[in-house]
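Please examine the protein chain shown below, first as a whole and then region by region.

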Amino acid sequence: MLWEADKSLFEFLTLYLNPPWLNHISEVIGDPASFKLPIIVFMLLYYWLNSPRFVRFIIYVVLLLILSEQTAQLLKHIVARPRPAIDWLVYADPHALGFPSAHALNTTAFAYFAARWFGKSFLWFLPIPLLIGLARIFANHHYPLDVVAGWFFGYTVAACFWLVLSRWRAVSAPQ
């Protein structure tokens, strides 16, 4: 029942609210290569402004993204829901799984971690996962529920990671 409602919403969004230009922009937004330059600029600026903390930030982000990606892959194999393009017979890999969206999960985890790391509101970083998640729907790679689940699990993984990290840093801090 829930899957069918999700498919109906996806069909409405992609058939009636997805002109070709939006589909193209969504493909570009969902391509990690599109973000290489902004990431490099951010990393150089952050290193220049705060080099001792930079190394810890990179290590923690890498660990978080490994954890979030593995969580996404585990959930994909447990749920085993195919991507919408497979149902529409336009996707090349018939084994590609869609639930949850790893893009949505990973960007939400990063946004949560960055908000906590920089002492900002999560709402300040929220446009990143929202934009990526919507782009995945309009690029025909995920159903809306795949993206919502990605946001939920990304937030959950990052919150747990931050809790463990905070406790570990409190225990290992010099007295």
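The following paragraphs pass from the overall fold to the interior and then to the surface.

This is a predicted model, in which local features need pLDDT of at least 70 and side-chain atom pairs count only at pLDDT 80 or more, while totals for chains, interfaces and linings use all residues. Residues are numbered from 1 along each chain as its sequence is written, and side-chain values use heavy atoms, with hydrogens and water left out.

The protein chain contains nine helices and zero strands; helices (H or I, at least four residues) and strands (E, at least two) are DSSP runs, numbered from the N terminus. Of its 175 residues, 38% are buried, where buried means under 20% relative accessible area, exposed over 50%, and partly exposed in between (1.4 Å probe, protein chains only).

In the interior, the largest nonpolar core has 13 residues. Such a core is a set of buried Ala, Val, Leu, Ile, Met, Phe, Trp, Tyr and Cys residues joined through side-chain atoms within 4.5 Å. Helix 4, helix 6 (102-118) and helix 9 (144-172) each give two or more residues to this core, and helix 9 gives the most, with five residues. F113 is among the residues with the most contacts inside the core. Beyond its neighbours within four places in sequence, F113 is in contact (heavy atoms within 4.5 Å) with residues including Y60, L64 and W162. A second, separate core of seven residues includes I137 and F138.

At the surface, I78 lies in helix 4 and is exposed, with a relative accessible area of 60%.
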